[in-house]
Amino acid sequence: MSILNTLPGDFYASVTIFRDEMERIFYKRWVCVGRADQIPNPGDFFIQNIGDESLIITRDRSGAPRAFYNVCRHRGTRLCADKQGRFHETIQCPYHAWTYTLDGRLVGAPNMNEIAGFDKRDYPLYSACLETWQGFLFVNLDPEPEPLSLAFAPLEGKFDRWNVASLRLARRINYDVQANWKLLVENYSECYHCPLVHPALAKLSSHLSGANDLVDGPHLGGYMVINEEHESMTMTGGTRRPPLGEVSGDDLRRVYYYSIFPNTLLSLHPDYVMAHTLWPQSPEHTLITCEWLFDPETMARPDFNPDDAVEFWDMTNRQDWHICEESQIGMRSRVYRPGPLHSVHENLPVAFDHEVLKALGHYS
């Protein structure tokens, strides 16, 4: 199927297609669940839901990050109801006190020694594959996933000069958006809409500037140029923060925007990095987490203040979410038909749609 138009309306509203996306994409691809510094110490944890699955993301006694299904091996009870916290020594089920170590081994099962043939070694927590990339934690629910190094090969070395792995969280905002997750990625992937939807952004960076270097496959993006009289994407267009890592030369006047299939949007500025993670809830409902990352030495300065960057993108985010919600409403109309996409300004949404269809298989 050659995609020259937007996808049919069913792709943004159908429960059947949405369930296929969860099974074939979100349960089989590497999905970003957060940052490694959210669990700095053994026993620290947070809960992340992927579709209908709840995962405990924690760090074991050796310091290795782990991902466990939030399901007791006894009768399936949710092990942890708190969204985040710290396990003191073990993970214990609140129902019958089955108890697990931080590496998932069952070490306590009251009175089960009375049952012939029962062996605690047969009942560890169910785990999911977890890898760290650029300081982000990625989980794959497929029992035999494609190695992350292979899946992310097109991104090898691309972000090293920003030292993304060493950056730390300064601010996080959660958004609740009444729009399909694909609309949000498609919107992020083009700036054809920027002059009208984002007047403040258009003053800092022309939608006609820059170039894309990843234009096919699961990871897409490129850069846009910051206008001469400005230094960064902030409320004033200026910044008092030094450049990140080894950012220099042309990169001091560029912002790089990449979508990392399926749920991560990574925006690299000269002085900070912004990351969105998307969590589809239904065909017409998506939760979004937006995080602003800065150099820890810059954050330690007494004059550090991220508000100029946070306020700029919070404003821009809300403009994006609103227009995507308006698109979602329009696609419900009985007269809606796929419309033509601009071959230059909307080439990345075309490539993204191709990747969705490829992942779904029977729709291609």
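At 13% relative accessibility, Y257 counts as buried, and that makes this tyrosine a handy place to start walking through what is a predicted model. Its partner is Y188, and the two rings form an edge-to-face aromatic pair, 6.1 Å centre to centre with 75° between the planes. Y188 is buried too, with a relative accessible area of 18%. Since Y188 lies in helix α3 (residues 181–188) and Y257 in strand β14, the pair ties together parts that are 69 residues apart in sequence.

Now follow β14 out into its sheet. Seven strands, in the order β11-β17-β16-β15-β14-β13-β12, make up an open sheet with antiparallel pairing. The edges are β11 (168–177) and β12 (211–214), each of which pairs on one side only. Going from one strand to the next, the twist averages 15°. On top of this, helix α7 (residues 307–330) packs on the sheet and touches β11, β14 (254–260), β16 (273–282) and β17. The direction of α7 makes about 20° with that of β11.

Let's look at the β11 edge. Strand β17 (residues 285–294) pairs with β11 in the antiparallel sense over 9 bridges. If you want a register mark to check in your viewer, L169 stands opposite L293 in β17. As background, strands of a sheet pair through backbone hydrogen bonds, either parallel or antiparallel.

Back at β14, the loop that leads from this strand to β15 (264–268) holds P262. What kind of peptide bond joins F261 and P262? The bond is cis, with omega at about 5°. That's worth a glance, because most peptide bonds are trans.

There is a second antiparallel pairing to visit: β9 (residues 129–133) and strand β10 (residues 136–140), joined by 5 bridges. Here C129 stands opposite N140 in β10. The two strands form a hairpin with 2 residues between them, and Q134 sits in the turn. Phi of Q134 is near 55°, a positive value in a residue other than glycine. Is Q134 buried or exposed? With a relative accessible area of 18%, Q134 is buried, since the cut-off for that label is under 20%.

Q134 has company in the positive-phi department. N163, in the loop between α2 and β11, has a phi near 50°. Unlike a buried residue, N163 is partly exposed, with a relative accessible area of 35%.

That loop also brings us to more aromatic rings. W133, in β9, pairs with F152, in the loop between α2 (148–151) and β11, so parts that are 19 residues apart in sequence are tied together. The geometry is edge-to-face, with 5.1 Å between centres and 90° between the planes. Both partners are tucked away: W133 is buried at 12% relative accessible area, and F152 is buried at 4%. Zoom out a little and you find W133 and F152 in one aromatic cluster with F136, F138, F159, W162, Y223, Y256 and Y258. Over the whole structure, a search finds 22 aromatic pairs.

Charges get involved with the rings as well. The charged end of R161 sits over the ring of Y256, one of the cluster residues, at 5.7 Å from the ring centre. Elsewhere, K182 places its charged end over the ring of Y12, 5.2 Å from the centre.

Finally, the nonpolar cores. In soluble globular proteins, nonpolar side chains tend to be buried together. In this model, the largest nonpolar core has 68 residues, and those with the most contacts inside it are I50, I57, V139, M233, W292 and W313. Helix α8 (residues 347–360) gives the most to this core, with 7 residues. I50 is a good one to select: leaving aside neighbours within four places in sequence, I50 is in contact with M22, F26, Y27, V31, V33, L55, V139, L141 and W279. A second core, separate from the first, has 25 residues, including F138, L148, Y258 and V273. Two of the names there, F138 and Y258, should ring a bell from the aromatic cluster.

Definitions and conventions:
Residues numbered from 1 in each chain as written. Predicted model: local features only at pLDDT ≥ 70, side-chain atom pairs only at ≥ 80, totals over all residues. Heavy atoms only, no water. Pairing = 2+ DSSP bridges. Helix = DSSP H or I, 4+ residues; strand = E, 2+ residues; numbered from the N terminus. Axes fitted to C-alpha atoms, helices over the stretch in contact; angles between N-to-C directions. Contact = heavy atoms within 4.5 Å. Core = buried A, V, L, I, M, F, W, Y, C linked by side-chain atoms within 4.5 Å. Buried < 20%, exposed > 50% of the residue type's maximum accessible area, 1.4 Å probe, protein only. Phe/Tyr/Trp six-rings, centres within 6.5 Å; stacked < 30°, edge-to-face > 60°. Lys NZ or Arg CZ within 6 Å of the ring centre and 35° of its normal.
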